[in-house]
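Trainee: Could you take me through one part of this model closely, the side-chain pairings and helix packing, and then point out the odd backbone spots? I'd like one connected walk rather than a list.

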Amino acid sequence: HGSWARERHIQRRELAYGKQLMSSLKGESSHQEHPFQALVTKGCDQEHGKVYAMHFVYSGNFIAQTARTQFDMVRMVMGISAEEFCWQLTPGSSFQAPEVVCVYSSEGLGKMSRSYHDFYRSHMIRSPYNHSKRPILINNWEATYFNFDTQKLLAIAKEAKACGIEMPVMDDGWFGHRNNDDSSLGDWKVNTDKIKGGLKYLVDEVNNIGLEFGIWFEPEMISPDSDLYRAHPDWAIHIDGRAATQSRCQYVLDLSRKEVRDYDDQVSAILHSANIRYVKWDMNRQLSDLGSSYLSADHKEELFHRYVLGVYELQERLVTEFPNLLLENCSGGGARFDPGMLYYSPQIWCSDDTDAIERLLIQEETSLIYPLCSMGAHVSDCPNHTVGRVTPFETRGHVALAGTFGYELDVTKIPKEDREQIPQQIAMYHKYHERVREGDYYRIASYSENHLYDCWAVSAKDKSEVRVTYVQVLSTPKAHSRKLYLKGFEPQAVYRLEETEETFTGEILEKYGYLIRPLWGDFRSKLLHFTKI
């Protein structure tokens with residue numbers, strides 16, 4: 001459960017008699033709910049207990065329900081929500097229902113997580129970036145918001161290059177006359193007052209610096225203040241005779257209509273106009289006012305599902321036409337973080353909340369079912385733009401390293417001591433990226449449970465190396481060293497801890513634990529890298 005900036009928090013509850021359900025009617029899997037449920041035995045933890053889990057491969061309305069009968073029989077179901085959904089089948093036609101990925105684990109939640117991770121990496125994510133290094137991005141959203149131009153973006157790009165960052169991403173505000181969020185969605189034409197010289201000039205200049213280039217779109221939306229809406233007001237989802245509801249000053253395009261989907265080929269035209277290697281595909285509002293002048297009366301309740309099929313068609317077109325494009329999905333952060341989206345994009349923006357401590361909760365509970373390589377995670381500036389918290393730059397780097405890793409800040413303005421850490425963080429990424437992308441994930445301690453510290457590990461498939469991340473959220477006075485029972489080791493093998501040159505057997509680290517001394521201050525972190533010798 002969750003909300004914007006607080007996505008995917010775990011809720012445990014006892015299985016009661018009757019029906020217990022979660023659902024979304026927002027036209028997307030949503031910030032508030034998630035299409036996942038698991039039935040676990042009492043006392044189930046990371047290593048012990050039985051788990052029966054279900055995860056919906058779909059990006060729209062869903063229902064996840066568990067029912068316990070008078071005879072203590074249990075039934076779990078998952079699928080498209082029946083509310084506001086009906087599909088007319090004519091003789092000879094067919095309907096393909098979305099699939100559910102079911103996992104059974106007899107070794108607790110940890111084994112369930114690793115099973116999901118392996119399945120999605122092997123059978124769901126099909127991008128060429130699935131098993132290759134992702135470029136280190138720097139996104140200008142929290143750096144500039146709408147206040148940027150060509151020179152500002154080039155200044156960020158030059159400093160980013162000097163630090164070892166590989167790709168600037170131009171976020172919202174480069175098109176139409178969009179200087180805030182109240183106009184121009186649908187008008188995918190470059191604003192030459194901002195992007196002086198045009199988009200190709202900007203991209204070529206970035207390429208000349210030695211960097212690749214990425215760009216933001218929101219292809220599913222339309223602004224009332226746009227040339228597109230003035231020409232085609234009927235293209236927005238609405239109920240005839242009623243004033244449509246705006247959210248974030250925008251409406252939703254009716255993707256059930258072929259002419260609307262074809263219009264979105266303007267995105268392709270932009271990508272053909274310059275050497276663009278990455279797209280962030282955003283969706284910043286839910287669906288409402290469900291009506292379509294295009295659908296007949298017998299098909300009105302097909303709109304939600306036809307909308308999802310339209311999204312899938314557009315993204316299929318995009319990745320087919322641009323097979324080497326890195327696509328990152330986003331929906332106001334994590335409102336459409338689901339397996340359906342993973343099929344088209346190898347990574348999804350995890351949350352608009354980039355605070356390192358908030359991200360401990362969000363990323364732990366996302367990694368319960370998704371591989372780390374799918375979680376968009378960036379180092380951002382402080383005070384954090386969402387919660388105002390100040391955390392050490394080192395800790396922000398360690399937390400972002402548990403995902404795709406990138407930056408969300410103005411590298412030309414951050415303190416010198418922070419900027420000087422960026423090359424070290426990038427070196428860490430290059431050193432550990434394969435483990436994060438391909439390795440086995442182990443949850444060692446949970447800040448959501450103990451409220452003091454967090455710890456996780458990523459182990460190579462052959463257990464030849466293990467990287468442990470420890471975050472001390474709150475410091476306590478007169479504290480003993482903390483014992484961490486590590487995981488992911490071969491019991492009889494000997495491992496060297498890189499940071500101290502100490503050696504341990506895997507059995508010692510897993511059964512007897514590793515002592516870590518208290519760190520000075522709140523929000524401090526430490527990496528431990530063990531290699532088998």
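Mentor: Here's a walk through the helix contacts, the salt bridges, a few backbone oddities and one strand residue.

Keep in mind that this is a predicted model. Let's start with α10 and α11, whose axes sit 10 Å apart and pack at an angle of about 15°. With that angle, α10 counts as roughly parallel to α11, because anything under 35 degrees falls in that class. The crossing of α10 past α11 is left-handed. On the α10 side the contact uses Ala356, Arg359, Leu360 and Gln363, and α11 brings Thr395, Arg396 and Val399. Sort the residues of that contact by type and you get three nonpolar, two polar and two charged.

Now look at the loops that lead into these two helices. Aspartate 355 is in the loop between β14 (347–349) and α10 (356–366), while arginine 389 is in the loop between β16 (378–380) and α11 (393–400). Their side chains meet in a salt bridge, at 2.4 Å from N to O. The two residues are 34 apart, so this pair links distant parts of the chain. As for burial, aspartate 355 has 1% relative accessibility and counts as buried, whereas arginine 389 is partly exposed with a relative accessible area of 25%.

Stay in that loop between β16 and α11 for a moment, since proline 383 is placed there too. The peptide bond running from cysteine 382 to proline 383 is cis, and its omega is near -5°. That's worth flagging because most peptide bonds are trans.

From α11 you can also hop over to a strand. Threonine 395, one of the α11 contact residues, has its C-alpha atom 9.6 Å from that of tyrosine 470, although the two are 75 residues apart along the chain. Tyrosine 470 lies in strand β20 (residues 465–472), and at 1% relative accessibility it counts as buried. What does tyrosine 470 contact, leaving aside its neighbours within four places in sequence? Its partners there are Tyr453, Asp454, Cys455, Arg482, Leu484, Ile516, Leu519, Arg524, Ser525 and Lys526.

Tyr453 in that set takes us to β19 (453–459), and the loop between α14 (447–450) and β19 is where histidine 451 is placed. Histidine 451 isn't a glycine, yet its phi is positive, at about 65°. Arginine 8 is another residue of this kind, with a positive phi near 55°. You'll find arginine 8 in the segment before β1 (18–24), where it is buried, with a relative accessible area of 7%. Both are worth a look in your Ramachandran plot, because most residues other than glycine have a negative phi.

Back to salt bridges: the count for the model comes to 37. One of them sits inside helix α1 (residues 108–123), where arginine 121 and aspartate 118 are three residues apart and so are separated by about one helical turn. Their closest N and O atoms are 2.8 Å apart. Arginine 121 counts as buried, at 4% relative accessibility, while aspartate 118 counts as partly exposed at 27%.

Past the end of α1, in the loop between α1 and β7 (137–139), you'll find arginine 126. Arginine 126 forms a salt bridge with glutamate 316, and the closest N and O atoms there are 2.5 Å apart. Glutamate 316 is in helix α8 (residues 303–321), so this pair ties together parts that are 190 residues apart in sequence. Arginine 126 counts as partly exposed at 38% relative accessibility, and glutamate 316 counts as partly exposed too, at 28%.

Some salt bridges share partners, and through such sharing Lys258, Arg261, Asp262, Asp265, Glu313 and Arg317 are joined into one network.

Last stop is another helix pair, α3 (residues 150–163) and α4 (residues 199–209), whose axes come within 10 Å and cross at roughly 15°. That makes α3 roughly parallel to α4, and this time the crossing is right-handed. From α3 the contact takes Thr150, Leu153, Leu154, Ala157, Lys158 and Lys161, and from α4 it takes Tyr201, Leu202, Glu205, Val206 and Ile209. By type, the residues of this contact divide into seven nonpolar, one polar and three charged.

Technical notes
Residues numbered from 1 in each chain as written. Predicted model: local features only at pLDDT ≥ 70, side-chain atom pairs only at ≥ 80, totals over all residues. Heavy atoms only, no water. Axes fitted to C-alpha atoms, helices over the stretch in contact; angles between N-to-C directions. Helix = DSSP H or I, 4+ residues; strand = E, 2+ residues; numbered from the N terminus. Parallel < 35°, antiparallel > 145°, perpendicular 65-115°, else oblique. Left-handed = near helix turned anticlockwise from the far one by under 90°. Contact = heavy atoms within 4.5 Å. Nonpolar A, V, L, I, M, F, W, Y, C, P; charged D, E, K, R; others polar. Salt bridge = Lys/Arg side-chain N within 4 Å of Asp/Glu carboxyl O. Buried < 20%, exposed > 50% of the residue type's maximum accessible area, 1.4 Å probe, protein only.
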